[in-house]
Amino acid sequence: MDGDQLSPLPDGWTKKESRSSGKPYYMNKFTSKTQWDRPTVPARKPERPETVQCLHLLVKHNKVRRPVAQDGSSITRSREEAHELVNGYREMIVAGKDQFENLAQKYSDCSSSKKGGNLGVFGRGRMQKSFEDASFALKPNELSDPIDSDSGVHIILRIA
């Protein structure tokens, strides 16, 4: 039984308490989504958990949230220069002149470069919105156009 109500919570919901306000909130056990309003219907279980696995190549520019290269030096290139670099890498991949993983290892400004840009499997809510939206819009083995995020300019290859 839910202490605030006489009836039990519908299936699939858990009551929690906010640490900051002390107010109750409710979490869907299947999706981990939360809401303040007491649920009146059973929690919906997703048909299948939606996840993707992607490789990415990141080129930072001087307007990103952390304009520092992996070696600790300051990034001074402009956003336009970052786009030019990413477009060049994308053209090399599409033309078959180099492999995505090789270019990511050589040129990506992300620590995932050590793994050929492999970010592993991730679900929604784990990445910056523009990056997430682009990743989930791709089909497996599809390469994105350049994507801007707070981290810089990316190209993304969805592998699963």
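Student: How many bridges join strand 4 to strand 7?

Tutor: Good place to start, and keep in mind that this is a predicted model. Strand 4 and strand 7 run antiparallel. Within this pairing, Leu57 stands opposite Ile155 in strand 7. The number of bridges joining strand 4 to strand 7 is 6.

Student: Which residue in strand 7 stands opposite Asp148?

Tutor: Strand 6 and strand 7 pair in the antiparallel sense, over 3 bridges. A hairpin joins these strands through 2 residues. Opposite Asp148, in strand 7, you will find Val153.

Student: How many residues of strand 7 are buried?

Tutor: Here we need a cut-off: a residue is buried when its relative accessible area is under 20%. Strand 7 is mostly covered. The count of its buried residues is 7 of 7.

Student: Let's step back to the whole chain. In what order do the helices and strands run from the N terminus?

Tutor: The protein chain has 3 helices and 7 strands. Written from the N terminus on, with β for a strand and α for a helix, the order is β-β-β-β-α-α-β-α-β-β.

Student: Why is the chain described as more spread out than a compact globule?

Tutor: Compare two values: for 160 residues, the globule rule gives 15 Å. The C-alpha atoms fill a box of roughly 65 × 35 × 25 Å along the principal axes. The chain counts as more spread out because its radius of gyration is well over the rule's value, at 21 Å.

Student: Which strands are the edge strands of the open sheet with the order 1-2-3?

Tutor: This sheet has 3 strands, and the pairing is antiparallel. Strand 2, residues 24–28, pairs with strand 3 over 2 bridges, and one bridge there has Met27 with Thr34 as its partner. An edge strand here pairs on one side only, and that describes strand 1 (13–17) and strand 3 (34–35).

Student: What kind of aromatic pair do Tyr25 and Trp36 form?

Tutor: A search of the whole structure finds 4 aromatic pairs. In the pair of Tyr25 and Trp36, the rings are 5.9 Å apart centre to centre, with 70° between the planes. Planes over 60 degrees apart get a name of their own, and for Tyr25 and Trp36 that name is edge-to-face.

Student: Is Trp36 buried or exposed?

Tutor: Trp36 sits in the loop between strand 3 and strand 4. Its relative accessible area is 53%. The cut-off for exposed is over 50%, so Trp36 is exposed.

Student: Why does the pair of Tyr89 and Tyr107 count as stacked?

Tutor: Tyr89 is in helix 1 and Tyr107 in helix 2, 18 residues apart. Tyr89 is buried at 11% relative accessible area, whereas Tyr107 is partly exposed at 39%. Their ring centres are 4.8 Å apart. Stacked rings have planes under 30 degrees apart, and the pair is stacked because its planes are at 15°.

Student: Which residue lies over the face of Phe136?

Tutor: Phe136 belongs to a cluster linked by ring pairs, together with Phe122 and Phe131. Phe136 is also one of the buried residues of helix 3. At 4.0 Å from the ring centre of Phe136 lies Arg124.

Student: Which strands do the buried residues of helix 3 pack against?

Tutor: Helix 3 covers residues 129–137, and its buried residues include Glu132, Ala134 and Ser135. They pack against strand 4, strand 5, strand 6 and strand 7.

Student: Which residue's side chain joins that of Arg77 in a polar contact of 3.2 Å?

Tutor: Arg77 is in the loop between strand 4 and helix 1 and is partly exposed, at 24% relative accessible area. Beyond four places away in sequence, the residues Arg77 touches include Val59, His61 and Leu85. The side-chain partner in the polar contact is Asp109.

Student: And which side chain makes a polar contact with the side chain of Asp98?

Tutor: Asp98 lies in the loop between helix 1 and helix 2 and counts as buried, at 16% relative accessibility. Among the residues more than four places away that Asp98 touches are Met92 and Leu103. The polar contact, at 3.2 Å, is with the side chain of Asn102.

Conventions:
Residues are numbered from 1 along each chain as its sequence is written. This is a predicted model: local features need pLDDT of at least 70, side-chain atom pairs count only at pLDDT 80 or more; totals for chains, interfaces and linings use all residues. Side-chain values use heavy atoms; hydrogens and water are left out. Two strands pair if DSSP finds at least two bridges between them. Helices (H or I, at least four residues) and strands (E, at least two) are DSSP runs, numbered from the N terminus. Rings of Phe, Tyr and Trp (its six-membered ring) pair if their centres lie within 6.5 Å; planes under 30 degrees apart count as stacked, over 60 as edge-to-face and the rest as tilted. Buried means under 20% relative accessible area, exposed over 50%, partly exposed in between (1.4 Å probe, protein chains only). A charge sits over a ring if NZ of Lys or CZ of Arg is within 6 Å of the ring centre and within 35 degrees of the ring normal. Contact means heavy atoms within 4.5 Å. A polar contact is a pair of N or O atoms within 3.5 Å; within protein, one must be able to donate a hydrogen and the other to accept it, and residues adjacent in sequence count only if both atoms are side-chain atoms. The radius of gyration is taken over C-alpha atoms; the globule rule is 2.2 Å times the number of residues to the power 0.38.
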